[in-house]
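Biologist: Can you walk me through this one? I'd like the sheets, a pocket and a few residues.
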Amino acid sequence: MEPLLKMQGVCKSFYGTQVLKEVAFELRIREVHALLGENGAGKSTLIKIISGAYKLDAGVVTFKGQNINYGPKGAEDLGIVTIYQNFHLVPHLNVAENLALRQLTSEKGWRVDWTAVYRQARVTLEKLNFPIDPRSKVKDLSIARQQMLEIAIALSKRAEVIVMDEPTAALSRKEIETLFGIIRQLKADGISVIYVSHKLEEIKEIGDRVTILRDGRNVATLGLQETELKEIIRLMIGREVTASAWQEERPGKAVVLALQGVTSRSFGHPLNLTVREHEVVGVTGLVGAGKTELARVLFGIDRIEGGNLYLQGKEVGLVDPRAAVTAGIGYLPEDRDGKGLCLNLGVRENLTLALLAKLKQILLNRASEKKLVSAGMKSVQIRAAGMAQKVKYLSGGNKQKVVFGKWLEAGCQVLILDEPTTGIDVGARKELYDLVHRFVEKTATAVVFISSDVNEILEVADRVLVMSNYRIVAELDAQHTDKQSIVEHSMRLIS
C-alpha cells in the first residue's frame, strides 16, 4: 500500500550544523506513528518540515503520491495540521471564535454570520464528544480542554494528518486516557497521527509503529507491538541498557535539607528527599515531570499543604520566598532574565540584592559594598566592564554567574539551580560546573541541581533523583549509574 506521507533523503542544516541527515519517514493511512529520540535528535526539526514551517535543504516529500513543497498554509490546505506543545490558541477569544479563526481571517468582507459560526462549532465539538459551551473563553479552560480544542480545530480544517508534539506533557493519567480515546476515534475515522513523545509506555499503548531518530538520522522504524522497551531505548541511546547501582543513604554527612511527606498544589503524592552537606543532588526527568514545581516548593513559591520541611534539622515554615531567603535557601530560576535578575540594574546591585533582603537595614556602607562586590565578582569570575555595568549587557554565562554570586554573597545553606546552563555556551557551562563544585567543597552547604540534560546531571551530581509524573521514582548513585538507566526510569508511567 502506498504511504499517505513519505519523506526520503531529507536533510536540514542551521548555520552550518546539519540537524537532519538523509532521513526517511513514512506514514500510513489510519496509523498512529510515534516519533522518538533524545533531545537534539532532530524530532522538532522533522515535524516542522512536515508542518511546512521549515523548508528542507535536500530530499523529497510526497503526499498521496504527489511531490510537494509547501509552507504552513499549504500544509493545512493539504490536510496536514500540527498541534505543538505550546498551544497556538487565542486566550481572550472564546471556543467558537478560535474554531472559526482561520475562516474569519480569510473571508472577504466585514460581516460575520455568528449563528453559523456557533452552529458549526457545536457540530465540530460533538464529533469529539467534547461537552463544552462554545462561548467559553479559552483562558478559562484547563490544559486538557485546551488540548482537546486544538484537536477540534484540526478537525475543522479537514485534517487527514495530525501531528501531536508531546501532547500529554501537562496531562494527568485520567486526561491521557481521554486523549487516547480521541486518538483511537480519529484513527477509526481514517485520520493518521504522528505522535511525538518521550514516554515509552504511552507510545506502546497508543502507537502502531515507531521511528527512532539519533543524531539527526533515522536509525530504525519498528512495529511497536513486537518491540521491547529496552530495545527502543538502546536504539535511542546507541548502547545497551545496563543495571544501575542504588544509594539511599550517604553516611558521615549531616542532612542540610529534608522533605518528609510534603504535598502541595502540584504534588498530591507525598514527597520525601534529603540533601546532605558537601553534596550536589541532581534532579532530572522529562518535560512535565515536576522538576520546576519541586524547586518552587523548596523556595516557598508554592505553599506546602502537608508534611514538613527541615533545614539543618529544624522544621521551617516557608510561607513565601522571603522566608526561604531568610532561612538560607537560594534559587536560580529557569527564567534567568525574567525572574533571577534586575536587568536594568548593575552587577553591584544584583550581587547584593539577596544579602539586603536578609539584613534589617536597607542601605550598605558604600565602601563595604564595593569591597564585597569586588570580592564576589572575583570569586565567581564575572567578566564585566565594571561593577556598575548593567547586567542586560552581559553574556548569558556571565548573567548566570551574577545570579550564582548573588546567593554566595547572601551566605545561603542550600542553593537550588533550575536548568542553570540553558542558553550558555560550552565554556561557560564548564565554569558553572566548577563553581558548583567549589561551592559545596569549601562550605558545608549543598546544591540541588535540576536539569533535563542527563549527561550534565551525571557530570555534576553526586546523587541523582529521577522524577516522573510528579513523583521521585528513583534515587541513584551518579558514580555507579548510566544514562540508559536514568532515561528508563524517567519514562516510567505512574498512575
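Modeller: One term before we start: two strands pair if DSSP finds at least two bridges between them. Keep in mind that this is a predicted model.

Biologist: Fine. How many bridges join β9 and β10, and in which sense do they pair?
Modeller: There are 6 bridges, and the pairing is antiparallel. Strand β10 covers residues 217-223. Across the pair, Ile-212 stands opposite Ala-220 of β10.

Biologist: What does the turn of that hairpin look like?
Modeller: The hairpin has 2 residues between the strands. Asp-215 takes a positive phi there, near 55°.

Biologist: And which strand pairs with β9 in the parallel sense?
Modeller: That is β3, residues 32-36, with 4 bridges to β9. His-33 has Arg-209 of β9 as its bridge partner.

Biologist: Is β9 mostly covered or mostly open?
Modeller: Mostly covered. Of the 6 residues in β9 (209-214), 5 are buried.

Biologist: New topic, the pocket. How much space lies in the second largest one?
Modeller: About 680 Å³. The lining has 30 residues, and the closest to the pocket centre are Gln-120, Thr-124, Leu-155, Ser-156 and Lys-157.

Biologist: Which elements give two or more residues to that lining?
Modeller: Helices α2 (72-78), α3 (95-99), α4 (101-106), α5, α6 (143-156) and α7 (173-188). The largest share comes from α5, with 8 residues.

Biologist: What's the class breakdown of the lining?
Modeller: It has 13 nonpolar, 10 charged and 7 polar residues.

Biologist: Let's stay on α5. Where does Lys-127 sit?
Modeller: Lys-127 is in α5, which spans residues 114-127.

Biologist: Why does Lys-127 count as exposed?
Modeller: Because its relative accessible area is 61%, and exposed means over 50%. Lys-127 also lies 8.4 Å from Ala-152, C-alpha to C-alpha, with their positions 25 residues apart in sequence.

Biologist: Now the sheets. What's the strand order in the open sheet of 4?
Modeller: The order is β12-β11-β14-β15, with antiparallel pairing. Its edge strands are β12 (271-276) and β15 (314-315), and each pairs on one side only.

Biologist: How many bridges hold β11 and β14?
Modeller: They pair over 5 bridges, with β11 at residues 255-263 and β14 at 306-311. One bridge partner to look at is Leu-309 in β14, for Leu-259.

Biologist: Which helix lies across β11, β12 and β14?
Modeller: Helix α10, residues 291-298. Its direction runs at about 110° to β11.

Biologist: And the order in the open sheet of 6 strands?
Modeller: β16-β17-β18-β13-β19-β20, with mixed pairing. The edges are β16 (329-332) and β20 (471-477). From one strand to the next, the twist averages 20°.

Biologist: What joins β19 to β20?
Modeller: There are 6 bridges, and the two strands run antiparallel. Strand β19 is residues 463-468. Arg-463 has Asp-477 in β20 as its bridge partner.

Biologist: Which helices pack on that sheet?
Modeller: Helix α10 does, touching β13 (280-285), β16, β17 (414-418), β18 (446-450) and β19. Its direction makes about 140° with that of β13. Helix α18, residues 483-490, packs there too, touching β13, β19 and β20. The α18 direction makes about 30° with that of β19.

Biologist: So where have I met α10 before?
Modeller: In the sheet of 4, where α10 lies across β11, β12 and β14. In the sheet of 6, α10 packs on strands including β13 and β16.

Notes:
Residues are numbered from 1 along each chain as its sequence is written. This is a predicted model: local features need pLDDT of at least 70, side-chain atom pairs count only at pLDDT 80 or more; totals for chains, interfaces and linings use all residues. Side-chain values use heavy atoms; hydrogens and water are left out. Buried means under 20% relative accessible area, exposed over 50%, partly exposed in between (1.4 Å probe, protein chains only). Contact means heavy atoms within 4.5 Å. Axes are lines fitted to C-alpha atoms, for helices over the stretch in contact, and angles run from 0 to 180 degrees between N-to-C directions. On a 1 Å grid over the protein atoms alone, a cavity is a set of points where a 1.4 Å probe fits but cannot get out, and a pocket is an open set with protein on both sides within 12 Å along at least five of seven lines; lining residues have an atom within 4 Å of a point. Grid points are joined across faces, edges and corners, and a volume is the space filled by probe spheres set on the points. Ala, Val, Leu, Ile, Met, Phe, Trp, Tyr, Cys and Pro count as nonpolar, Asp, Glu, Lys and Arg as charged, and the others, Gly among them, as polar.
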